[in-house]
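Colleague: Could you take me through one part of this model up close, say a sheet, and then show me the chain around it? I'm at the bench, so keep it plain.

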Amino acid sequence: MKSALQIARAAYQPKLPIALRGALKAVEGEPTQSVADQEEVQKLFPNTYGMPYLKFEPTDEAMANTQMNVGVILSGGQAPGGHNVISGLFDGIKKLNPKNKLYGFLLGPGGLVDHKYMELTAEIIDEYRNTGGFDIIGSGRTKLEKKAQFDKGLEILQALDIKALVIIGGDDSNTNACVLAEYYAQIGAGVQVIGCPKTIDGDLKNDAIEASFGFDTATKVYSEVIGNIMRDCNSAKKYWHFVKLMGRSASHVTLECALQTHPNITLIGEEVEAKNQTLDDVVTYIAEAVCDRANLGMNYGVVLVPEGLIEFIPAIKKLIAELNDMLAANQADFDLVSDDHKIDYVLAHLSDENAAIFRSLPLSVSRQLALERDPHGNVQVSLIETEQLLAEMVAKKLADWKKDGIFTGKFATQHHFFGYEGRCAAPSNWDADYCYSLGFNASMLIAAGKTGYMSSIKNTFKPVDEWVAGGIPITMMMNMEKRNGEMKPVIRKALVELGGKPYKYFVRHRTEWARNTDFVYPGPIQYFGPSEVCDRPTLTLTLEQE
């Protein structure tokens, strides 16, 4: 059974940049180098380092009748538009040769290793055009980083006569794609590997990747719900709503939602880190704004908190870094300790400075830091209920101020975390077009014989006719970082730039948003209507490129 919206969206035909609508040629630019640690990265990727940026341009020459089978993997967390990347890829390879086949590996990279796959036919693809989610083939978080995995994957690629593999994922997934491309090039496997930039967090971007897909849709979904909460807040006039938003490593989602909705308080993790603020500094900042509005007779408001705020606080970031290293080095011993004594074990193995900070945290937070680890052995910051922690600490400070006669208002709170709600929404028109273009463009990169490239669509703040299609070497985005106690090549995350136009615009307006009730109610994603309503990019992208 399909909803009325699903039926209507199935008829939507995503728009393509002019260069991808007919015959095209690949124009190479200057050679590239990694963003940092050039010698180390080049040494690890001798076959795929230094390749040029690529741009597709229309041509009068006929396209080659390229015959090839292609595999596709959805990797990591879901993001709106993934199905359109696959449908664009499918249409692209069928345009090159109707005999070409597309195989989807099931439940992420693990499907490649375990030889679990399905052929994606036109009938299947048509069921998923312009829909949210990754359910066409499922996703997973298996890391492709070992030779045995690469070799096992190659067996099924050769058995299916697959000449190219497209990995749709975030920074970690595309790092894996680059490692795989390098290995297959090194052994002469004859398999190309192309990446596509996915993450609603918005931290996979650079000069050639203006936005990761899903960010546009997710921030519009979150902004709609924040707007609804603001309307409720402004109606009841009795609660402070603390809203935590997705984004462990960067605050792009929080900043974009702030630009769309004008909350009273928005915390930007990158600013907290740059100013070397403590947890008490952050709490005091919120409490002062609450106090200021109370003096104006307004005991209500909205606070936006990025998911990774705790990790941006320098003292706690330093604590987490030591925790990660210590537990990586002592994992076997730590696993033998009962949960009741794990905190004592941690305290005994930390430096005096970090042990003191660890003791100062509420017990619920210290337990989460000690007990909850992700597959890479790192602290699972997303599980820390930062919004509730801040609300409780602000309440305590205001209670102290009330005793001293500083605060005379009321302070009642509500807590929210918007995360999964935005990951599988039906893509906005912008994401539908962008994702379809990324997938179609990936097929052209394969036809051009490229490997170790990421599909790139630029100029996306303008109408689709003016978008620029091409590719960027994945090695260009890399640097060396410590992961699980070892230095490894990874794609560098793009953080909120404190010198950038979106952040500066926010800073110019946040004082008036804090004191006044200047809420904006964006409403739901608009799929139908005038272009300025339906096709608009995020305010972040607009401000960055204006």
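Modeller: Here's the sheet, followed by the chain that holds it. This is a predicted model, so to speak of local features we need pLDDT of at least 70, and side-chain atom pairs count only at pLDDT 80 or more, while totals for chains, interfaces and linings use all residues. Residues are numbered from 1 along each chain as its sequence is written, and side-chain values use heavy atoms, with hydrogens and water left out.

The sheet is open, with 4 strands in the order β9-β10-β8-β11 and parallel pairing. Strands here are DSSP runs of E, at least two residues, and helices are runs of H or I, at least four, numbered from the N terminus; two strands pair if DSSP finds at least two bridges between them. At the edges sit β9 (265–266) and β11 (413–418), each pairing on one side only. Strands β8 (residues 240–245) and β10 (residues 301–306) run parallel and are joined by 6 bridges. One spot to find on screen: K244 has V305 in β10 as its bridge partner.

Now zoom out. The protein chain has 22 helices and 15 strands. Its radius of gyration (over C-alpha atoms) is 24 Å, close to the 24 Å from the globule rule for 546 residues, so the chain is as compact as a globular protein of that length. That rule is 2.2 Å times the number of residues to the power 0.38. Buried residues (under 20% relative accessible area, 1.4 Å probe, protein chains only) make up 57% of the 546.

How values were computed
Buried < 20%, exposed > 50% of the residue type's maximum accessible area, 1.4 Å probe, protein only.
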